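Q: Please take a close look at one part of this structure, the strands and the sheets they form. After that, place this part beside the helices and the nonpolar cores.

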Amino acid sequence: MTGTRKTVAALFLLPALVLLGALVVYPIGYSVVRSFAGNSGGGFVGFDNYETLFTDDGIRTALKNNVLWVVFAPTVATALGLVFAVLTERVRWGTAFKLVVFMPMAISMLAAGIIFRLVYDQDPDKGVANAVWVGVHDTFAQSSAFPKAHPGRKSPLVADGGGFVTRDTVRAGQPVALPLVGVAPDRLPDGVRKAVAAKPEPGKVTGTTWQDFTRGKGVGRLGAPDPSEVGYAGMRIEAVKDGEVVASATASGDGTFTLPAAADGARLRLPADNFREPYNGVSWLGPALVTPAIIGAYVWMWAGFAMVLIAAGLAGVPRELLEAARVDGASEWQVFRKVTVPLLAPVLAVVVVTLMINVLKVFDLVFIIAPGSSQDDANVLALELYRKGFSEGQPGVASAISVVLLLLVIPVMLFNIRRLRREVRR
């Protein structure tokens with residue numbers, strides 16, 4: 001009877017064992033064997049493919065980035081999940097908040113990668129991240145309205161440290177012309193008006209700074225305001241003597257300005273601040289920030305997963321322990337740190353271990369978000385495996401990478417199994 005039951009059990013298990021062998025055991029065994037073969041598939045090359053793992057710059061970068069992924073991505077996602085789970089217990093709309101936070105889990109890695117490729121776009125008109133960043137920056141430091149302005153032909157101005165200065169000194173009672181070109185009509189600041197020639201004032205230095213350009217060949221006069229030309233409203237003008245600013249003024253809507261008698265005998269300077277290029281945000285997908293940016297996209301997706309598991313564990317925490325701690329005089333922070341977190345330690349361990357295994361295999365987000373110019377800097381082992389196996393024609397090295405990934409996952413899996421067994425014994 002016992003033999004019959006074992007036979008029946010074996011027959012029921014056989015389909016699963018066949019699938020397990022075909023889909024798991026055989027690919028792992030073949031990858032191990034293939035990692036000792038040459039790229040052509042024939043010939044034993046020993047540990048040459050494994051030596052390449054420590055000499056190839058791309059693989060070394062991938063290893064370094066995988067360490068960053070394993071250290072930061074699970075930690076940040078778990079920490080956010082813990083904070084969300086604890087805080088949503090205290091608000092009436094906690095269920096709706098959990099739904100919103102968990103919703104990214106319903107999005108595929110491909111879709112999330114496309115979304116964040118747009119979010120991190122360098123152009124503030126397209127990328128949300130830079131639109132916010134530039135908006136905050138410009139709130140405290142406005143960019144200039146004249147970033148492309150420069151002297152035209154026969155101009156009295158010459159370049160000076162990012163700005164421009166008059167070739168000659170100026171005199172009181174003699175109006176000064178400071179013509180510039182190069183500002184597109186749609187980029188001119190608000191409040192501009194038709195430029196007019198400044199009138200002389202006794203004891204003062206007057207002048208005009210304007211867009212000295214009239215559309216059409218042979219139309220307009222150089223060095224004098226024409227009817228269709230506008231003043232540079234808001235342009236700052238400084239009077240400089242012996243390297244020191246003795247007076248300054250700001251041009252009005254028609255481009256005219258007036259300086260006091262102290263400017264007599266000085267040279268007029270249009271400082272570099274007038275021509276500062278507009279702030280274009282942060283290069284999120286540049287070599288320096290591409291890996292943290294992609295980790296941020298991953299955390300956006302998986303923080304909801306961590307929150308749901310931790311919230312489930314939090315629901316099983318005995319409330320009398322929390323209340324007893326409060327009665328004993330513990331603050332909310334002390335209750336959280338010394339009671340809630342220790343009681344949630346098993347759940348937190350499950351979340352961290354699951355995410356660590358997950359990030360070791362991360363491929364989709366890096367492949368989609370990182371542009372070609374910085375993909376080498378964002379490289380991870382799974383992506384390098386793909387590149388070696390399918391793009392660079394090195395299947396032996398790709399197999400070696402897959403074996404290394406397996407070896408990195410095994411200790412984490414063993415830790416998880418031992419932890420589960422300890423939980424069962426309790």
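A: The answer below starts with one strand, moves out to its sheet, and then turns to the rest of the structure. The model is a predicted one.

Strand 3 covers residues 176-180. Of its 5 residues, 4 are buried, so strand 3 is largely enclosed by the rest of the structure. The partner of strand 3 is strand 4, residues 205-211, and the two pair in the parallel sense over 5 bridges. Within this pairing, alanine 177 of strand 3 stands opposite threonine 208 of strand 4.

Strand 4 also pairs with strand 7, this time in the antiparallel sense, over 4 bridges. Here threonine 206 has threonine 258 in strand 7 as its bridge partner. Strands of a sheet pair through backbone hydrogen bonds, and the sense can be parallel or antiparallel.

Put together, these 3 strands form an open sheet in the order 3-4-7, with mixed pairing. Strand 3 and strand 7 (256-259) are at the edges and have a single partner strand each, so one side of each lacks a neighbour in the sheet. From one strand to the next, the twist averages 20°.

A further sheet is made of 5 strands. This sheet is also open, its order is 1-2-8-5-6, and its pairing is antiparallel. Strand 1 (157-160) and strand 6 (244-250) form its edges; each has a single partner strand, so one side of each is without a neighbour in the sheet. Ignoring direction, neighbouring strands of this sheet are turned by 30° against each other on average. One of its pairings joins strand 2 (residues 163-166) to strand 8 (residues 267-270) through 2 bridges, and these strands run antiparallel. In that pairing, valine 165 stands opposite arginine 269 of strand 8.

Next come the nonpolar cores. The largest has 51 residues, and the members that touch the most others are Trp69, Tyr120, Ile294, Tyr298, Ile310 and Ile369. Several helices supply at least two residues each to this core, among them helix 3 (57-88), helix 7 (290-315) and helix 10 (345-360). Helix 7 gives the most, with 16 residues. Isoleucine 369, setting aside its neighbours within four places in sequence, is in contact with Gly113, Phe116, Arg117, Tyr120, Leu285, Ile294 and Ala297. There is also a second, separate core of 25 residues, which includes Leu178, Met235, Ala249 and Leu259.

Two helix pairs complete the picture. Helix 3 and helix 10 pack at an angle of about 145°, and their axes are 9 Å apart. Their crossing is right-handed. On the helix 3 side, the residues in contact include Trp69, Val70, Ala73 and Ala77, and on the helix 10 side they include Leu348, Val351, Val352 and Leu355.

The axes of helix 8 and helix 9 come within 10 Å and cross at roughly 150°. That makes the two helices roughly antiparallel. The crossing of helix 8 and helix 9 is right-handed. In this pair, Leu321, Leu322, Ala325 and Arg326 of helix 8 meet Glu332, Val335, Val339, Thr340 and Leu343 of helix 9.

Note on methods. Residues are numbered from 1 along each chain as its sequence is written. This is a predicted model: local features need pLDDT of at least 70, side-chain atom pairs count only at pLDDT 80 or more; totals for chains, interfaces and linings use all residues. Side-chain values use heavy atoms; hydrogens and water are left out. Buried means under 20% relative accessible area, exposed over 50%, partly exposed in between (1.4 Å probe, protein chains only). Two strands pair if DSSP finds at least two bridges between them. A nonpolar core is a set of buried Ala, Val, Leu, Ile, Met, Phe, Trp, Tyr and Cys residues joined through side-chain atoms within 4.5 Å. Contact means heavy atoms within 4.5 Å. Axes are lines fitted to C-alpha atoms, for helices over the stretch in contact, and angles run from 0 to 180 degrees between N-to-C directions. Angles under 35 degrees count as roughly parallel, over 145 as roughly antiparallel, 65 to 115 as roughly perpendicular and the rest as oblique. A crossing is left-handed if the near helix is turned anticlockwise from the far one by less than a right angle, and right-handed if clockwise.
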